[in-house]
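Work through the exercises below with the coordinates open beside the text, and try each task before reading its solution.

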Amino acid sequence: MNLRDIKKDIEYVIGAFIDDCSLFSAVNSKADDEALGKLLDEAVNLYNDLKDKVNVKVEGKKSAYFAEIRKELLEKTDALYASLSEVVKKSEKPE
């Protein structure tokens, strides 16, 4: 694993999440735009944090460091998708 691959992974995974939020908002008129906005803010903050971590000069085993970043990316994105799922469920309930 190298620097270029981890940067691409960060952009792809978080970009896909942002696309999913935007698509849900566009096709569902009952979408909670405030909750989606908070999720998007979290995603952007995660993106910035991970990019900052990736751009730090690493001494020693870079592959282990990048593996930890990838693990963090997947865990935190999974949590974001769980939150998005809750927003979707709330929008489907009749009022």
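The exercises that follow concern a predicted model, and they go from helix packing to single residues.

**Exercise 1. Determine how H1 and H2 are oriented relative to each other, and state which residues form their contact.**

Step 1. The axes of H1 and H2 come within 10 Å, and the angle at which they cross is roughly 175°.

Step 2. Angles over 145 degrees count as roughly antiparallel, and H1 is therefore roughly antiparallel to H2.

Step 3. On the H1 side the contact is made by Leu3, Ile6, Lys7, Ile10, Glu11, Ile14, Phe17, Ile18, Cys21, Phe24 and Ser25, which meet Asp33, Leu36, Leu39, Leu40, Ala43, Val44, Leu46, Tyr47, Leu50, Lys51 and Val54 in H2.

Step 4. Sorted by character, the residues of this contact of H1 with H2 are 17 nonpolar, 1 polar and 4 charged.

**Exercise 2. Find how H3 runs relative to H2 and to H1, and describe the composition of each contact.**

Step 1. For H2 and H3, the axes come within 11 Å and the crossing angle is roughly 180°, which makes H2 roughly antiparallel to H3.

Step 2. The residues in the contact of H2 with H3 divide into 14 nonpolar, 2 polar and 4 charged; among those that meet are Leu36, Leu39, Leu46 and Leu50 in H2, and Ile69, Leu73, Thr77 and Leu80 in H3.

Step 3. For H1 and H3, the axes come within 11 Å and cross at roughly 5°; since angles under 35 degrees count as roughly parallel, H1 and H3 are roughly parallel to each other.

Step 4. The contact of H1 with H3 includes Ile10, Val13, Ile14, Phe17 and Cys21 from H1, and Phe66, Ile69, Thr77, Tyr81 and Ser91 from H3, and its residues divide into 17 nonpolar, 2 polar and 4 charged.

**Exercise 3. Identify the largest nonpolar core, and follow Leu36 as one residue with many contacts inside it.**

Step 1. The largest nonpolar core has 21 residues, and those with the most contacts inside it are Ile10, Ile14, Phe17, Leu36, Leu39, Leu50 and Ile69.

Step 2. The elements giving two or more residues to this core are H1, H2 and H3.

Step 3. Leu36 lies in helix H2, and at a relative accessible area of 4%, under the 20% cut-off, Leu36 is buried.

Step 4. When residues up to four places away in sequence are not counted, Leu36 touches Cys21, Phe24, Ser25, Ala31, Leu84 and Val87.

Step 5. The C-alpha atoms of Leu36 and Lys90 are separated by 12 Å, although these residues are 54 residues apart along the chain.

**Exercise 4. Describe the surroundings of Thr77, and decide whether Thr77 is buried or exposed.**

Step 1. Thr77 lies in helix H3, which spans residues 62–92.

Step 2. The relative accessible area of Thr77 is 4%, so Thr77 is buried.

Step 3. Leaving aside neighbours within four places in sequence, Thr77 is in contact with Val13, Ile14 and Leu46.

Step 4. The side chain of Thr77 also reaches the backbone oxygen of Leu73 at 2.6 Å.

Step 5. Thr77 and Ile10 are 67 residues apart in sequence, while their C-alpha atoms are 9.9 Å apart in space.

**Exercise 5. Classify Asn28, Lys51 and Glu86 as buried, partly exposed or exposed, and place each of these residues in the model.**

Step 1. Asn28 lies in the loop between helix H1 (3–27) and helix H2 (33–54); with a relative accessible area of 19%, under the cut-off of 20%, Asn28 is buried.

Step 2. The side chain of Asn28 makes a polar contact with the side chain of Ser91, at 3.3 Å.

Step 3. Lys51 lies in helix H2 and is buried, its relative accessible area being 14%; not counting residues up to four places away in sequence, Lys51 touches Lys7 and Glu11.

Step 4. Glu86 has its place in helix H3, and its relative accessibility of 42% falls between the cut-offs of 20% and 50%, so Glu86 counts as partly exposed.

Step 5. Glu86 and Ala35 are 51 residues apart in sequence and, C-alpha to C-alpha, 9.9 Å apart in space.

Definitions and conventions. Residues numbered from 1 in each chain as written. Predicted model: local features only at pLDDT ≥ 70, side-chain atom pairs only at ≥ 80, totals over all residues. Heavy atoms only, no water. Helix = DSSP H or I, 4+ residues; strand = E, 2+ residues; numbered from the N terminus. Buried < 20%, exposed > 50% of the residue type's maximum accessible area, 1.4 Å probe, protein only. Polar contact = N/O pair within 3.5 Å; in protein donor to acceptor, adjacent residues only side chain to side chain. Contact = heavy atoms within 4.5 Å. Axes fitted to C-alpha atoms, helices over the stretch in contact; angles between N-to-C directions. Parallel < 35°, antiparallel > 145°, perpendicular 65-115°, else oblique. Nonpolar A, V, L, I, M, F, W, Y, C, P; charged D, E, K, R; others polar. Core = buried A, V, L, I, M, F, W, Y, C linked by side-chain atoms within 4.5 Å.
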